[in-house]
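Let's take a walk through this structure together, one piece at a time. Have a look at the picture before reading on.

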Amino acid sequence: MKNQLSSKRVAVLGAGKIGGILLQAFVREKLFSPRQIAATVRHSERARAVKRQFNVLVSTDNKSAVRRADIVLVCVKPQAVAEVLEEIREDVSPNKLVISVAASVPTAFIEQRLPEGTPVVRAMPNTPCAIGCGMTGLCRGSHAKPHHLEVARALFETVGRTVVVDEKHMDAVTGLSASGPAFMYIILESLAEAGVKVGLPRDIATLLAAQTAHGAAQLVIQTGEHPALLKDAVTTPAGCTIDGILELEEGKLRVTLIKAVVKSTQRARELLFEK
Ligand SMILES: NC(=O)c1ccc[n+]([C@@H]2O[C@H](COP(=O)([O-])OP(=O)(O)OC[C@H]3O[C@@H](n4cnc5c(N)ncnc54)[C@H](OP(=O)(O)O)[C@@H]3O)[C@@H](O)[C@H]2O)c1
């Protein structure tokens, strides 16, 4: 895929948090050279700052960035997507791939605002993308072909792992893996507090909690084992862990986490319709 992309140009519309993380990763992972990338932001002073930071072409001119691009990444807030699509419509054609990271914006919404036949891929990354440990859900719109998804995969694999899902699951991806880091930080913060409560210095308690979460997650990923089996392996009969698990069950940790993801998924469906 790297070879196929070596002659392509990419426009990153909205080089904010996620857009900035992506364009930095494209250069770091040598997927694109800086001269293959054009980025845009809304404010010109911010354009100068982003240019200094990433050493790529940055402007406030979406049309000109799109005109010269083969791949267009839409990284603006959901409420700004319609305005940006309206602006670039004339400069998009079906031989360009449009990829949107905007939460809650369906591919059909994007397709309706672009020339007939334009391939559109929707992506939902998360903040650990900043250190290459991200999780991105991808789905394709009605004109995108499998090779368009492969291009999107290559782009988002510069910042972590990817999964391809049907579009009907994209709000659920938002509720689980895009909001998920915030849920995990609350769990980590609580475990660190617990460490302090039982006498550990805060920095050691935080490291113990974070590395334990990292190790447990890696075991799930690397062994492919069901989390319940891995939990059983820690839980010796009449040992310490089962007493802790009883407290978690009494405190309804499981049902609380399930409800958090359900609410977050529901909220993801609403964002587009708010100003
Ligand atoms: N942050 C996350 O964890 C995350 C995860 C998954 C998906 N997303 C999605 O990513 C998108 C961006 O989120 P973010 O957190 O990266 O937001 P952000 O940091 O606010 O970045 C948005 C960027 O868009 C620029 N912008 C606004 N209007 C524009 C326009 N008309 N033309 C060109 N650029 C414009 C802004 O420019 P200025 O800097 O000049 O204002 C800013 O740089 C959202 O749709 C969000 O749903 C975010």
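What follows starts with a strand and its neighbours, then turns to the ligand. Keep in mind that this is a predicted model.

A good place to begin is strand E1, which covers residues 10-13. Its side chains go two ways: Val10 and Val12 point to one side, while Ala11 and Leu13 point to the other. In a regular strand, side chains take turns between the two faces of the sheet. Here the residues on both sides of E1 are buried.

Now look at who sits beside E1. Strand E2 (residues 37-40) runs parallel to E1, and 4 bridges hold the pairing. Within that pairing, alanine 11 faces alanine 38 of E2. To get from E1 to E2, the chain passes through H2, making a right-handed β-α-β crossover.

E1 has another partner, strand E4 (residues 71-74), and they too are parallel, joined by 4 bridges. Alanine 11 turns up again in this pairing, with valine 72 as its bridge partner in E4.

So much for the strands; on to the ligand. Which residues are closest to it? They are Gly14, Gly16, Lys17, Ala102 and Ala103, out of 28 that surround the ligand. Two elements give two or more residues to this shell: helix H2 (17-28) and helix H5 (81-88). H2, the helix you met in the crossover, gives the most, with 3 residues. Sorted by class, the shell holds 15 nonpolar, 8 polar and 5 charged residues.

Technical notes. Residues numbered from 1 in each chain as written. Predicted model: local features only at pLDDT ≥ 70, side-chain atom pairs only at ≥ 80, totals over all residues. Near = placed C-beta within 6 Å. Nonpolar A, V, L, I, M, F, W, Y, C, P; charged D, E, K, R; others polar. Buried ≥ 20, exposed ≤ 12 C-beta atoms within 10 Å, placed from the backbone. Pairing = 2+ DSSP bridges. Right-handed = clockwise from strand over helix to strand, strands pointing away.
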